[in-house]
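This report considers helix packing and salt bridges in a single protein chain. The sequence and the model are shown first.

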Amino acid sequence: MLRINRQTDYAVRVILALSKKAKNKRVPTSEVGHEMLIPPSLLQRIVADLANGGFIHTQAGRDGGISLAHDPKDINLLEVVEFFEGEIYLSDCILKPGECPFERKCPVHCQWVRLKNLLRNEMAAITFQQLVEEGSLIESNLTGNASNALSPVSVTNGILLPVDILA
């Protein structure tokens, strides 16, 4: 099963939480952890990793906290995921070129490469600014639609997302 680990998911949440804040606004780490339901035991390590990766700035002290190092439109999902997970591969046959005896004549190998590139390109196209905007659309639809009826929400990348899945 292809799946990101919990640490990566939490890192994405930290970047998303900071993306929702005013530009250059420093926020206490504990506030982000509380907002995004990240256990304090993992939060410090994730914040340190994000700072080492150049995604966020940290400042210790009474007026300290964390802030984005770049504008949310300049940070994409692929960058964060691959920083924590390494480059995305769907199969060992594309991870270790030359090891598979069927590599040059295998139609499955060609599809693994195509699908890997497709996934990476899609993730690279998703900026945190886009995620903030889509989150606002989803929230406004949730608060504006008090009934339990299934109603689609159109998000900025053209995907229709049923609201009741999010509840």
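A salt bridge is taken here as a side-chain nitrogen of Lys or Arg within 4 Å of a carboxyl oxygen of Asp or Glu. The model under discussion is a predicted one. By the stated criterion, Asp 74 and Lys 73 form a salt bridge, because their closest N and O atoms are 3.5 Å apart and the limit is 4 Å. Asp 74 itself is partly exposed, its relative accessible area being 45%.

**Salt bridges**

In total, the structure holds nine salt bridges. Three of them are listed below with the separation of their closest N and O atoms.

| Acidic residue | Basic residue | Closest N and O atoms |
|---|---|---|
| Glu 35 | Lys 21 | 3.2 Å |
| Asp 74 | Lys 73 | 3.5 Å |
| Glu 87 | Lys 116 | 3.2 Å |

Lys 21 and Glu 35 form a salt bridge. This pair links distant parts of the chain: Lys 21 belongs to the loop between H1 and helix H2 (29–35), whereas Glu 35 lies in helix H2, 14 residues apart. Lys 21 counts as partly exposed, with a relative accessibility of 22%. Glu 35 is likewise classed as partly exposed, at 33%.

A salt bridge also joins Glu 87 to Lys 116. Here too the pair links distant parts of the chain, the residues being 29 apart: Glu 87 is in the loop between helix H4 (77–85) and helix H5 (92–95), and Lys 116 is in helix H6 (residues 107–125). Is each partner buried or partly exposed? Glu 87 has a relative accessibility of 38% and therefore counts as partly exposed. Lys 116, in turn, has a relative accessible area of 11% and is buried, since the cut-off for that class is under 20%. Glu 87 and Lys 116 also belong to a network of salt bridges that includes Glu 82 and Arg 120.

**Packing of H1 and H3**

Helix H1 (residues 6–19) packs with helix H3 (residues 40–52) at an angle of about 70°, and their axes are 10 Å apart. H1 is therefore roughly perpendicular to H3, a class that covers angles of 65 to 115 degrees. On the H1 side, the contact is made by Arg 6, Gln 7, Tyr 10, Ala 11, Val 14 and Ile 15. H3 contributes Leu 42, Leu 43, Arg 45, Ile 46, Asp 49 and Leu 50. By character, the residues of this contact divide into eight nonpolar, one polar and three charged.

Technical notes
Residues numbered from 1 in each chain as written. Predicted model: local features only at pLDDT ≥ 70, side-chain atom pairs only at ≥ 80, totals over all residues. Heavy atoms only, no water. Axes fitted to C-alpha atoms, helices over the stretch in contact; angles between N-to-C directions. Helix = DSSP H or I, 4+ residues; strand = E, 2+ residues; numbered from the N terminus. Parallel < 35°, antiparallel > 145°, perpendicular 65-115°, else oblique. Contact = heavy atoms within 4.5 Å. Nonpolar A, V, L, I, M, F, W, Y, C, P; charged D, E, K, R; others polar. Buried < 20%, exposed > 50% of the residue type's maximum accessible area, 1.4 Å probe, protein only.
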